[in-house]
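Work through the exercises below with the sequence and the structure open beside you. Each task is followed by a solution that proceeds step by step.

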Amino acid sequence: MPFSTLGLSDPLLRAIADAGYTTPSPIQSQAIPAVLDGHDVLAAAQTGTGKTAGFTLPILHRLSQKAYSSNRPVRVLILTPTRELAAQIGESVSKYGAHLHPRLKSEVVFGGVKINPQMMRLRGGVDILVATPGRLLDLVNQNAVKLDQVETLILDEADRMLDMGFIRDIRKIIALLPRKRQNLLFSATFSEDIRKLTTGLLVNPVKIEVAPRNTAAELVEQVAYLVNKANKTELLCHLIKENRWQQVLVFTTTKHGANRLTEKLNKVDIKAAAIHGNKSQGARTSALAGFKANEIRVLVATDVAARGIDINLLPHVVNFELPRAPEDYVHRIGRTGRAGEEGQAISLVSHDEYNFLRLVEKLIGKEIKREQIAGFEASAVAPPMPAEPPRRPRPSRNSNQLRRPGGSQSGNKPKAKSA
Ligand code: AMP
C-alpha cells in the first residue's frame with residue numbers, strides 16, 4: 001500500500017518522498033487514517049517502528065486544513081520523557097511540515113536548560129508544542145504558554161514517562177486542557193499504571209499493536225527441539241528437571257492449552273500457574289507475584305496475556321507451541337536475554353508446526369537450529385494423534401514491524417489488543 005492511499009495532502013506526500021520512504025510502516029498504515037478521522041489512538045509501539053511519522057504526519061495534515069488565529073495558541077501538544085526524544089520529534093515536525101503553506105510553527109521545550117530563551121520563543125505563539133512534562137508545567141506557571149486551545153494531546157513513550165515519575169505532572173497538564181480533544185497514547189509496554197492512565201484519558205480508542213524490532217532475535221540463543229506432539233509435555237518436564245530451570249515462561253497458543261499444561265505440570269510436582277484472558281485480574285496478579293518470588297516455577301501464558309505483564313530478564317522462554325503469527329515469536333523471545341543477559345528461547349516443534357517454524361525464520365532472517373533430545377526424537381512422519389474434543393477457533397492476531405525501504409513487508413492487518 002503506498003502512502004498516497006492514506007489520505008495525506010500533497011505537501012506531506014512530498015515530504016515523505018524527500019525522506020526516502022516508499023511504503024508506510026505497519027503502525028503508519030494503521031495510525032494515519034485513524035488520526036486523520038479524529039479518533040483517539042492507543043498504540044503499543046517501540047522506537048524504530050516509525051511511530052513518530054505515524055502521529056506527526058496526520059496531525060500536520062489536520063492542523064494545516066484549518067485556519068489558525070493570529071495569536072497561534074498551542075493546538076497540538078506532544079509530551080515525551082526526554083530532551084533527546086523531544087528534539088527528535090521536533091525535527092520530524094519540521095521535516096514533514098517543510099512543504100506546508102503557510103508553515104506551521106512548532107517549538108521544543110525541555111528541562112535542564114535555561115527557561116528564559118524558551119519563554120521568548122513561545123511569545124509569538126506556536127501551533128505544535130513538543131515538551132517534557134516538568135518543564136511544560138514550569139512554563140505554564142510562568143504564564144509563558146496556555147493550553148486551553150489544545151485540540152490533540154499526544155503522549156509519546158508513556159511508559160517511560162511514568163517510569164521517570166512524571167505521572168503527577170501529566171495529570172496536572174491534562175487538567176489544563178479542554179475536555180473535548182483528541183488523545184493519542186504510544187507506549188512500548190502496558191503496565192497497570194499505564195492502563196489506569198488510559199482509562200480516564202482515551203475515548204473509544206483505535207488500538208494498534210506492532211512488533212518490536214528484532215533485536216531480541218539477534219541476542220537470544222534459539223533452538224527448536226523437534227518432537228512428536230504427544231510427547232511435548234513429557235519433554236518439557238524433562239528439560240525443566242534435567243536443567244534445573246527455576247523460572248520458565250512457557251507460551252501456548254490457546255487458553256485451554258495453557259490450563260491443560262498447567263494441570264499436567266502441577267501433577268508431576270512442577271509448580272505452575274497459567275495466565276490468560278479468562279483468568280481474573282486477581283488470579284493473574286497472584287500468579288505473576290508467585291512467579292517473580294520464585295514460588296511458581298513455570299508461568300504458562302498466552303500471547304495476549306503475556307503482553308501486558310511486567311517481568312524482565314527471564315533466563316528461559318519456551319514455546320510449547322509456535323505462535324500462528326510469526327511476529328508473536330519475536331514478542332515472546334523478547335522476554336529473555338534482555339539487557340545483555342544470556343537468554344535461551346526453546347521451541348518444541350511438532351510435525352504440524354514445521355511450516356510455522358519456517359515463517360518465523362523468514363521473519364527473523366535466520367535459521368533456528370533444530371535439535372532432538374534423546375528419548376524424545378520426532379518420528380519421520382507425524383504419528384496419528386488421539387482425537388480431541390473440538391475447540392472454538394481463536395481469531396488470528398497479526399502485528400508487524402517497520403522495514404526499511406527495500407525490505408519486504410507483509411500486509412497483515414492488526415487486531416485490537418485484548419488480554
Ligand atoms: P521512529 O520509530 O519514529 O523513531 O522511526 C524510526 C526510523 O524509521 C526513523 O529513522 C524514521 O526516519 C524511519 N522511518 C519512519 N517511517 C519510515 C518509512 N515509512 N519507511 C522507512 N523508514 C521510515
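**Exercise 1: two helices in contact**

In this predicted model, α15 and α16 are roughly perpendicular to each other, because an angle between 65 and 115 degrees is placed in that class. Find the crossing angle of α15 and α16, and list the residues that make their contact.

Solution. Begin with the axes of α15 (residues 326-333) and α16 (residues 354-364), which come within 8 Å and cross at roughly 70°. Next, identify the contact itself, to which α15 contributes P326, E327, Y329 and V330, while α16 contributes L359, V360, L363 and I364. Finally, sort these residues by character, which gives seven nonpolar, no polar and one charged.

**Exercise 2: the setting of R72**

Determine whether R72 is buried or exposed, and which side chain it joins in a polar contact.

Solution. First locate R72 in the loop between α3 (51-65) and β2 (76-79). Its relative accessibility is 13%, and since buried means under 20%, R72 counts as buried. Then look at the side chain of R72, which is joined to that of D127 by a polar contact of 2.8 Å. Beyond its neighbours within four places in sequence, R72 also touches other residues, including R103, L104 and K105.

**Exercise 3: the nonpolar cores**

State how many residues the largest nonpolar core has, and which elements give two or more residues to it.

Solution. The largest core has 38 residues, and L8, I27 and L184 are among those with the most contacts inside it. The elements giving two or more residues to this core include α1 (10-19), α2 (26-36) and β6 (182-187) as well as β1, α3, β2, α4 and β4. Another core, of 36 residues, lies apart from it and includes A44 and F166.

Definitions and conventions. Residues numbered from 1 in each chain as written. Predicted model: local features only at pLDDT ≥ 70, side-chain atom pairs only at ≥ 80, totals over all residues. Heavy atoms only, no water. Axes fitted to C-alpha atoms, helices over the stretch in contact; angles between N-to-C directions. Helix = DSSP H or I, 4+ residues; strand = E, 2+ residues; numbered from the N terminus. Parallel < 35°, antiparallel > 145°, perpendicular 65-115°, else oblique. Contact = heavy atoms within 4.5 Å. Nonpolar A, V, L, I, M, F, W, Y, C, P; charged D, E, K, R; others polar. Buried < 20%, exposed > 50% of the residue type's maximum accessible area, 1.4 Å probe, protein only. Polar contact = N/O pair within 3.5 Å; in protein donor to acceptor, adjacent residues only side chain to side chain. Core = buried A, V, L, I, M, F, W, Y, C linked by side-chain atoms within 4.5 Å.
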